[in-house]
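Got the viewer open? Let's take a walk through this one, stop by stop, picking what to select as we go.

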Amino acid sequence: MPDRPTLRPETVAVSAGRPPRIPDAPMNEPVTFASAFVAGGPTEYARYGNPSWTALEDALGALEGGTCSTFASGMAAVSAVLSLVPHGGTVVVPRHAYQGTLALLDTEAGTGRFDVRRVDIADADAVEAALPGAAMVWLESPTNPALEIADIPRLAATARAAGVLSAVDSTFASPLLQRPLELGADIVVHSATKLIAGHSDVVLGAVVTGEDELTDRIRSHRSLHGAIPGPMEAFLALRGLRTLSVRLERAEANARELARRLTDAPGVLEVRDPGFGTVLGMVLADAAAGDRVMDRVRLWIPATSLGGVESTLERRRRWATEAPSIPEGLIRLSVGIEHVEDLADDLLAALG
Ligand SMILES: *Cc1c(COP(=O)(O)O)cnc(C)c1O
């Protein structure tokens, strides 16, 4: 179906990336298991392309308003974007962000590959002050797990004026709640493992850019590093995307209601709610209080990762690699699509 510019994002998520309308053609792009294609076409070898990726890329690209390239994981996508930073260049990065991204940045900085300037991305003045001379500003919004919000339109505009590439990890928002290219950013990154695939059964990443030159470099990195998604994973991620809007509708409503009820729940010192999306934070007194809740829940699943239909929770500082400025008692809640009363009963019982 031709994607009319007037279609709303919820509709694009359902309609984009389908095979041509030919009688008896499948309605959904099938999974293509292939390592090589018959010679003479544009693809030839499956490290350069696969129709199962293309369908997902068409859909995500249509949603974000750019060209999408899918990857083996969110981290493979992050890594491809960081490859755009020239040797010895400077990257401005959030002090709180996905720990894998921060670890990769630190590792690369340790080898002299580039320099890292850490900032509080909620403090736009501080981010702007760090931009001069940088090659890239890396924004994550909301941040994992602190749930800070960056002023993307302002920072993207300042970065552009300063000749600094801006990249936004938009995983926590999904393409239905935030479209960074429309807000002026150069590059969007997703861990499609989370909300896009949505069922905790796929690892996959995506990069979307608005410029062919950037897309060419991103795809060349993918081919040369072999960071390609499996066709089955691409199929599952696209299947997940089809229901993203209804999953979000329920999970966001659940999240807002839980945030309200947690505010005066026993032992909860602070509730962090960015006001949109499906992830909340609650701060308890200390690690022991946090671990006790993780032990006592019966419906909520103690697990890392987020964005699935099932509600999960995790005390983030159980990871030695989590930033020390994240409170020991912070529990990240990934709110799913169960009935909110069951989620509230289980959580409040575990807290009580
Ligand atoms: C999970 C996550 C990643 C990494 O994605 P993987 O698919 O696990 O490789 C990157 N950024 C954010 C914000 C994430 O939550």
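## Where the two domains meet

Start at the seam: domain 1 and domain 2 bury about 2000 Å² between them, and carbon and sulfur atoms give 62% of that area. Keep in mind as you click around that this is a predicted model.

To see both sides, colour residues 9-242 as domain 1 and 246-351 as domain 2. Their C-alpha centres sit 26 Å apart. Domain 1 brings 25 residues to the contact, and domain 2 brings 26.

Which three residues should you show as sticks on the domain 1 side? Pick Gln99, Pro145 and Leu147: they supply 29% of the area that domain 1 buries against domain 2, more than any other three residues. Hang on to Pro145, since we'll come back to the peptide bond that joins asparagine 144 and proline 145.

What kinds of pairing cross the seam? Don't hunt for salt bridges here, as the count between domain 1 and domain 2 is zero. Polar contacts are another matter: eight residue pairs make them across the two domains, counting pairs with both residues at pLDDT 80 or more.

Now select helix 7 (174-177) and helix 9 (231-242), each of which gives at least two residues to the side of domain 1 that touches domain 2. Helix 7 has the largest share, with three residues. Colour that whole side of domain 1 by residue type and you get 13 nonpolar, 10 polar and two charged residues.

## The ligand

Next, centre on the ligand and bring up its surroundings. There are 13 residues around it, and the ones that come nearest are Met75, Asp169, Ser191, Thr193 and Lys194.

Try three distances while you're here:

- Threonine 193: an N or O atom in its side chain is 2.6 Å from an oxygen atom of the ligand.
- Lysine 194: a polar side-chain atom lies 2.7 Å from a ligand oxygen.
- Glycine 74: here a polar backbone atom is 2.9 Å from an oxygen atom of the ligand.

## A salt bridge to zoom in on

Side chains of opposite charge can pair when their charged atoms come close. The count for this model comes to 23 salt bridges. For one of them, select arginine 261 and glutamate 341, whose side chains meet with 2.8 Å from N to O. Why show the helices as well? Arginine 261 belongs to helix 10 (residues 244-262) and glutamate 341 to helix 12 (residues 340-351), so this pair ties together parts that are 80 residues apart in sequence.

## Backbone oddities

Switch to backbone atoms and go to the loop between strand 4 (136-140) and helix 6 (152-161), where you'll find proline 142. The peptide bond from serine 141 to proline 142 is cis, with omega near -10 degrees.

Stay in that loop between strand 4 and helix 6, because proline 145 is there too. Asparagine 144 and proline 145 are joined by a cis peptide bond, with omega at about -5 degrees. This is the Pro145 from the first stop, one of the three residues that lead the area domain 1 buries against domain 2.

Last stop: the loop between helix 1 (9-15) and helix 2 (51-64), home to aspartate 24. What is the sign of phi at aspartate 24? Positive, at about 70 degrees, although this residue is not a glycine.

Terms used. Residues are numbered from 1 along each chain as its sequence is written. Side-chain values use heavy atoms; hydrogens and water are left out. Domain bounds come from an automatic or database domain assignment. Contact means heavy atoms within 4.5 Å. Buried area is the accessible area (1.4 Å probe) that two parts lose on being put together, summed over both. A salt bridge is a side-chain nitrogen of Lys or Arg within 4 Å of a carboxyl oxygen of Asp or Glu. A polar contact is a pair of N or O atoms within 3.5 Å; within protein, one must be able to donate a hydrogen and the other to accept it, and residues adjacent in sequence count only if both atoms are side-chain atoms. Helices (H or I, at least four residues) and strands (E, at least two) are DSSP runs, numbered from the N terminus. Ala, Val, Leu, Ile, Met, Phe, Trp, Tyr, Cys and Pro count as nonpolar, Asp, Glu, Lys and Arg as charged, and the others, Gly among them, as polar. A residue is near a molecule or strand if one of its heavy atoms lies within 4 Å of it.
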